[in-house]
Amino acid sequence: GTYYELGTGRTYTFNLNLSNVFGVVGSKNFRYTLGATGSLYFGRYSASSEGTSTFSEMSKKNLSDLASQFITSVSISGTTMTVKTSSTYIENYYSSSANDDFYMHTFFYDRYVFYDRYVFYDEYGLVSGVNYAFSISIP
């Protein structure tokens, strides 16, 4: 296949051009499948007004479960595919946040763990980010 790096908060159009060496192509009834490869660690991230931060409650998530959070819609009309991406970067993804006024902390749940800033060990071994890709395949 062909891979494209897509930015956030944008709409892209692609021309679906089916061809072969004989110049004959069967059905042009296109379908698509939205997916992702890889997994990342997410955790509860606490940031204080004093500049300190910590991660806790780590969990490993399959990106295939999160694909619709980043590719928000796909449509095909004729031979044109339109893809819309969300405005969220995976590095800034979180499912919810809460403020604790007494301790002056902000808690982000399901925040991506950066390997270059934090090193943790859990039952999976070293917690780190991996290469990831969201995919739209046309079977």
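This is a short walk through the structure, one selection at a time.

**Before you start**

The model is predicted: local features need pLDDT of at least 70 and side-chain atom pairs count only at pLDDT 80 or more, while totals for chains, interfaces and linings use all residues. Residues are numbered from 1 along each chain as its sequence is written, and side-chain values use heavy atoms, with hydrogens and water left out.

**Stop 1: the whole chain**

Show everything as a cartoon. You will find 1 helix and 11 strands, where helices (H or I, at least four residues) and strands (E, at least two) are DSSP runs numbered from the N terminus. Along the sequence the order is β-β-β-β-α-β-β-β-β-β-β-β. Of the 139 residues, 26% are buried; buried means under 20% relative accessible area, exposed over 50%, and partly exposed in between (1.4 Å probe, protein chains only). Turn on a surface next: about 9,400 Å² is exposed, and carbon and sulfur atoms supply 47% of it. These areas come from the Shrake-Rupley method with a 1.4 Å probe, and for residues only the protein chains shown count as cover.

**Stop 2: the cores**

Select Ala36, Leu40, Phe42, Leu63, Leu66, Ala67, Phe70, Ile90, Tyr93 and Tyr112, the 10 residues of the largest nonpolar core. A nonpolar core is a set of buried Ala, Val, Leu, Ile, Met, Phe, Trp, Tyr and Cys residues joined through side-chain atoms within 4.5 Å. Strand 3 (39-48) and helix 1 (67-70) each supply at least two residues of this core. Now add Tyr12, Val74, Met81 and Val83, which are among the 8 residues of a second, separate core. In soluble globular proteins, nonpolar side chains tend to be buried together.

**Stop 3: two salt bridges**

There are 2 salt bridges in the count, each being a side-chain nitrogen of Lys or Arg within 4 Å of a carboxyl oxygen of Asp or Glu. Pick Arg44 and Glu57 for one of them, at 3.5 Å from N to O. Arg44 sits in strand 3 and Glu57 in strand 4 (residues 53-62), 13 residues apart. Arg44 is partly exposed at 23% relative accessible area, whereas Glu57 is exposed at 57%.

Then select Asp110 and Lys61, whose side chains meet at 3.0 Å, N to O. Asp110 belongs to strand 8 and Lys61 to strand 4, so this pair ties together parts 49 residues apart in sequence. Asp110 is buried, at 19%, and Lys61 is partly exposed, at 22%. Stay on Asp110 and check its backbone: phi is near 65 degrees, a positive value in a residue other than glycine. Most residues other than glycine have a negative phi.

**Stop 4: Ser86**

Ser86 is in the loop between strand 6 (80-85) and strand 7 (96-100), and it is buried, with a relative accessible area of 10%. What lies 2.9 Å from a polar atom of the Ser86 side chain? The backbone oxygen of Gln69 does. Leaving aside neighbours within four places in sequence, Ser86 is in contact (heavy atoms within 4.5 Å) with Thr8, Gly9, Gln69, Phe70 and Thr72.

**Stop 5: strand 2 and the loop before it**

Thr33 lies in strand 2 and is partly exposed at 43%. Draw a distance from its C-alpha to that of Val74: the two are 9.3 Å apart, with their positions 41 residues apart along the chain. Finish at Val21, in the loop between strand 1 (11-15) and strand 2 (33-37), which counts as exposed at 76% relative accessibility.

Conventions
Polar contact = N/O pair within 3.5 Å; in protein donor to acceptor, adjacent residues only side chain to side chain.
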